[in-house]
Amino acid sequence: MIRLYQPGDEIGINALYEKVFGKKRSLAEWQWKFESFPESSTIVVSEEDGFINGHAAFLKVTSRQQGTELLLGERVDIMVDPDFQGRGIYKQIVSRMIQECETEGLDILYGFPAETAKQVFMKIAGGKDLGNVPRFLAVNKPGALLASKVGKLRAIQSPLDKVFSISVPKKSTHQLRELGDRLPVAEMLYNRFENQYPLHAKRNGGYIQRRFLDHPTKNYQVYTLEQNGYAEGYCVLHEETKANGVTFTTIVDLFGPNDEAIIADQLKAIRRFTKADALNCWAVPDSPRYRALKKAGFFHINSPMPFVIKDFTGTGSYDELADWHLSQSDVDSY
């Protein structure tokens with residue numbers, strides 16, 4: 001039976017998630033993702049003999065483009081129990097999800113699916129592949145990265161880092177200041193600069209609170225980027241240490257003037273501020289951020305994330321990657 005979510009389904013959904021993806025997910029994280037990221041969700045399940053064997057959902061996101069508001073959905077966690085594959089369940093749950101998108105008046109459904117899921121989604125939902133989003137990397141401590149791959153280099157890791165520290169920017173006009181309880185400042189910054197960006201998730205104070213500050217397991221650091229004591233943007237960072245001991249800082253979000261020179265200076269400030277061995281960030285090709293990342297010493301290393309949409313507006317206004325402003329914050333897993 002294909003139906004919509006009912007209270008209590010989350011237990012079976014999490015069990016299916018663990019079976020399909022091999023990862024445990026707490027009830028608190030499920031609640032964050034499906035009840036508040038950032039504006040609730042719609043969930044479709046397949047149930048047989050009291051067990052959930054299929055799942056498809058979209059997370060609702062209010063978005064803006066030049067003052068126009070649109071309702072978007074991020075397609076997430078489309079999965080079928082391996083023991084029930086080959087019965088057409090995937091097609092049924094995706095078809096019902098598309099039906100719910102239309103019923104709720106969704107303007108665009110988007111996602112970053114793996115290659116196999118992308119092909120199925122394109123066929124069933126009639127989606128469009130807009131291309132892959134580039135990922136950039138900056139290395140602050142190359143000795144740490146080399147030592148993680150060649151153990152014998154650990155003895156000279158510090159000297160290597162010192163020699164190559166010249167790659168870290170020495171100057172920037174921006175300083176980072178912890179946001180703390182100054183959510184109205186972030187709201188002000190969003191209102192000030194939103195019209196400089198193409199289609200994007202509405203990054204107001206409520207979005208920052210729900211998306212980052214309320215996350216039950218991840219520790220995001222939110223900072224304003226300031227010049228002469230005045231906030232000129234904000235950034236969201238997430239630091240993690242890999243199994244090999246290397247620390248990475250992900251620039252999950254960066255918002256301020258959509259100006260190449262200013263963004264480059266803000267990125268330099270972030271590089272100087274973080275203690276991580278390396279940093280990574282996304283940017284849409286040929287955007288001011290894309291060019292700014294290169295100016296700040298980041299390198300385009302790969303383009304791992306395909307971006308697909310199902311446009312219910314029929315306008316064709318969002319059919320190019322350049323029509324979007326995207327960062328890692330637009331993916332629920334970051």
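**Exercise 1. Determine whether Asp49 is buried or exposed, and describe its backbone.**

Solution. Asp49 has a relative accessibility of 72%, so it counts as exposed. The classes are: buried under 20% relative accessible area, exposed over 50%, and partly exposed in between, with a 1.4 Å probe and protein chains only. The model is a predicted one, in which local features need pLDDT of at least 70, side-chain atom pairs count only at pLDDT 80 or more, and totals for chains, interfaces and linings use all residues. Residues are numbered from 1 along each chain as its sequence is written, and side-chain values use heavy atoms, with hydrogens and water left out.

Next, locate the residue: Asp49 lies in the loop between β2 and β3. Helices (H or I, at least four residues) and strands (E, at least two) are DSSP runs, numbered from the N terminus. Finally, consider the backbone. Most residues other than glycine have a negative phi. Asp49 is not a glycine, yet its phi is positive, about 55 degrees.

**Exercise 2. Carry out the analysis of Exercise 1 for Ser40.**

Solution. Ser40 belongs to the loop between α2 and β2 (41-48). Its relative accessibility is 25%, so Ser40 counts as partly exposed. Although Ser40 is not a glycine, its phi is positive, at about 75 degrees.

**Exercise 3. State where Asn140 lies and which residues it is in contact with, leaving aside neighbours within four places in sequence.**

Solution. Begin with the position: Asn140 is in the loop between β6 (128-139) and α5 (142-149). With 7% relative accessibility, Asn140 counts as buried. Contact requires heavy atoms within 4.5 Å. Without the neighbours within four places in sequence, Asn140 is in contact with Val168, Arg271, Thr274, Ala276, Asp277, Ala278 and Leu279. The side chains of Asn140 and Arg271 also make a polar contact at 2.9 Å. A polar contact is a pair of N or O atoms within 3.5 Å; within protein, one must be able to donate a hydrogen and the other to accept it, and residues adjacent in sequence count only if both atoms are side-chain atoms.

**Exercise 4. Classify the aromatic pair of Phe136 and Tyr290, and explain which parts it ties together.**

Solution. Rings of Phe, Tyr and Trp (its six-membered ring) pair if their centres lie within 6.5 Å; planes under 30 degrees apart count as stacked, over 60 as edge-to-face and the rest as tilted. By this rule there are 18 aromatic pairs. For Phe136 and Tyr290, the centres are 5.0 Å apart and the planes are at 85 degrees, an edge-to-face pair. Phe136 lies in strand β6 and Tyr290 in helix α10 (residues 288-295), so the pair ties together parts that are 154 residues apart in sequence. Both Phe136 and Tyr290 are buried.

A second edge-to-face pair consists of Phe212 and Tyr220, at 5.1 Å centre to centre and 70 degrees between the planes. Phe212 is buried at 1% relative accessibility, and Tyr220 is buried with a relative accessible area of 7%.

**Exercise 5. Identify the rings over which Arg25 and Arg75 lie.**

Solution. A charge sits over a ring if NZ of Lys or CZ of Arg is within 6 Å of the ring centre and within 35 degrees of the ring normal. Arg25 lies over the face of Tyr17, 3.9 Å from the ring centre. The charged end of Arg75 sits over the ring of Phe121, at 5.1 Å from its centre.
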